[in-house]
Amino acid sequence: MATVLPQHAIDTSANMIVMGAYGTLRLRERLFGGVTRWIVRKPPLPLFLAR
């Protein structure tokens, strides 16, 4: 899922990615990964986060 969102934004010629971010349990994030964390580390476009 983390790679699908940025690729879709690029494919549709988006100018920015807007998404919400919230805290999760550390164990769950380690097991399943975190889309927010991945996009923040490697943003393909300007990023606007809301909490």
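Accessible areas here come from the Shrake-Rupley method with a 1.4 Å probe, and for residues, only the protein chains shown count as cover. This is a predicted model, where local features need pLDDT of at least 70, side-chain atom pairs count only at pLDDT 80 or more, and totals for chains, interfaces and linings use all residues. Residues are numbered from 1 along each chain as its sequence is written, and side-chain values use heavy atoms, with hydrogens and water left out.

**Exercise 1. Work out the fold pattern and how far to trust it.**

Step 1: Take the elements as DSSP runs numbered from the N terminus: helices (H or I, at least four residues) and strands (E, at least two). The protein chain has three helices and two strands, and along the sequence they come in the order α-β-α-α-β.

Step 2: Now bring in pLDDT, the predictor's confidence in each residue, from 0 to 100. The chain averages 80, with 75% of the residues scoring at least 70. Helix α1 has the highest confidence, at 89, while helix α2 (residues 26-32) has the lowest, at a mean of 65. Where pLDDT is low, the predicted coordinates should not be read in detail.

**Exercise 2. Describe the chain's surface and its core.**

Step 1: The protein chain exposes about 4,300 Å², and carbon and sulfur atoms supply 59% of that.

Step 2: Call a residue buried under 20% relative accessible area, exposed over 50%, and partly exposed in between (1.4 Å probe, protein chains only). Of the 51 residues, 18% count as buried.

Step 3: A nonpolar core is a set of buried Ala, Val, Leu, Ile, Met, Phe, Trp, Tyr and Cys residues joined through side-chain atoms within 4.5 Å. The largest one has five residues: A9, I17, M19, I39 and L45.

**Exercise 3. Follow I17 to its partners far away in sequence.**

Step 1: I17 sits in strand β1. With a relative accessible area of 10%, I17 is buried.

Step 2: Count a contact when heavy atoms are within 4.5 Å. Setting aside residues up to four places away in sequence, I17 touches P6, A9, P44, L45, P46, L47 and F48.

Step 3: Check two of those pairs, C-alpha to C-alpha. I17 and L47 are 30 residues apart in sequence but 5.0 Å apart in space; P44 and I17, 27 residues apart, are separated by 8.7 Å.

Step 4: Look back from P44, in the loop between α3 (35-41) and β2 (47-50). P44 is partly exposed at 33%, and beyond its neighbours within four places it contacts P6, I10 and I17.

Step 5: Zoom out to the chain: among contacts with a separation of 6 or more, 71% link residues 24 or more positions apart.

**Exercise 4. Which residue in the loop between α1 and β1 has a positive phi, and is it buried or exposed?**

Step 1: The general rule is that most residues other than glycine have a negative phi.

Step 2: S13 has a phi near 60°, a positive value in a residue other than glycine. S13 lies in the loop between α1 and β1, and with a relative accessible area of 60% S13 is exposed.

**Exercise 5. Place T36 in the structure.**

Step 1: T36 belongs to helix α3 and counts as partly exposed at 25% relative accessibility.

Step 2: Beyond four places in sequence, T36 touches M19, G20 and A21. The C-alpha atoms of T36 and A21 are 6.4 Å apart, with their positions 15 residues apart in sequence.
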